[in-house]
Amino acid sequence: MDNRWSSDWNRVTLPLAALHALEKESSHGYRLLERLTASGYPGITGSTLYPFLARLESQGWVQHEWDHSTNGPGRKIFSVTRSGSDHLTALTAEWLRVQATLNDIVSSRGNG
Amino acid sequence: MKKYYRQVAASLRQRGVAEGEILATLNDIEAHSRHSGKPLEEEFGDATAFAEQFPRGSAKPAGRRFTVIMTVLAAVFLVGSFVAAKLFGTDLRVGALSIPLFGAVAIIVIGTIGGFMIDRRLPKNFEGSLPREY
């Protein structure tokens, strides 16, 4: 199955997808990308992900802790903040409304 | 590869990103690239374009500060030379006293090049080639 979609969709839906994934499990950047890709979310690369995480952090929706459990420099483990969780709740409700509206519009196509 | 890190670091400094964040970002992309097995350019694209996607910060880059200080020094040096020339009734444009003019230009050039080099340095403690498990 071709699961690619236009990058416009990524721009709009990445906050919802990433916050959901991070709320479920705190991750470092590469692991988050792997999880999103494994869920069928296409087209995310490092060039998109790290600036995006920095923006989420500057908005206070995501925070990081240092993980020094491996060799070499520490890694950032990202997790959702309380305010990020509230934002995710609002985004999810909004997404469900968008989805319902678009489903109605799309399903009426060809019905006259 | 170090050139790529230097470009990212310089561009992030120009955006006012704090040194700690720059170090963390370089560590992240180094680890990411190591894990994915893809070269930095392929994974993250053009270094400047990549850095420009990060939110702006409020840190003042050390290189820019150095350039400003050197330019101010050059201006003070030049004004001082003009005042001295006026007092002693000499012409700054000729003879030994033309040195201040070239001196001021030299200070500005050193300040500009030095500032550029300072902002392109890799962050302290960045070990871009350390082996590690990821």
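Chain A contains four helices and two strands. The model is predicted. Read from the N terminus, the order of elements in chain A is α-α-α-β-β-α. Three helices thus precede the two strands in this order, and a helix closes it.

The overall dimensions were computed from the C-alpha trace. Along its principal axes, the trace of chain A spans about 65 × 30 × 20 Å. The chain has 112 residues, and 40% of them count as buried. Contacts were examined between residues of chain A at least 6 apart in sequence. Of these contacts, 51% join residues at least 24 apart.

The surface was considered next. Chain A has an accessible surface of about 6,700 Å². Carbon and sulfur atoms account for 52% of that surface. Charged side chains are balanced in number, with 11 positive and 11 negative in chain A. The centres of the two sets lie 3 Å apart.

A nonpolar patch of about 770 Å² is found on the surface. Its members are A:Trp5, A:Trp9, A:Trp95, A:Leu96, A:Val98, A:Leu102, A:Ile105 and A:Val106. Helix α4 of chain A, residues 82-107, supplies the largest share of the patch, with six residues. One of the patch residues, A:Val106, lies in this helix. The relative accessible area of A:Val106 is 56%. A:Val106 therefore counts as exposed, since the cut-off for that class is over 50%.

Methods. Residues numbered from 1 in each chain as written. Chains lettered and ligands numbered in written order. Predicted model: local features only at pLDDT ≥ 70, side-chain atom pairs only at ≥ 80, totals over all residues. Heavy atoms only, no water. Buried < 20%, exposed > 50% of the residue type's maximum accessible area, 1.4 Å probe, protein only. Contact = heavy atoms within 4.5 Å. Areas by Shrake-Rupley, 256 points an atom, 1.4 Å probe, with all protein chains shown as cover. Lys, Arg positive; Asp, Glu negative; His and termini not counted. Charge placed at Lys NZ, Arg CZ, Asp CG, Glu CD. Patch = residues over 30% accessible without salt bridge, like charges linked within 9 Å, V, L, I, M, F, W, Y side chains within 5 Å. Salt bridge = Lys/Arg side-chain N within 4 Å of Asp/Glu carboxyl O.
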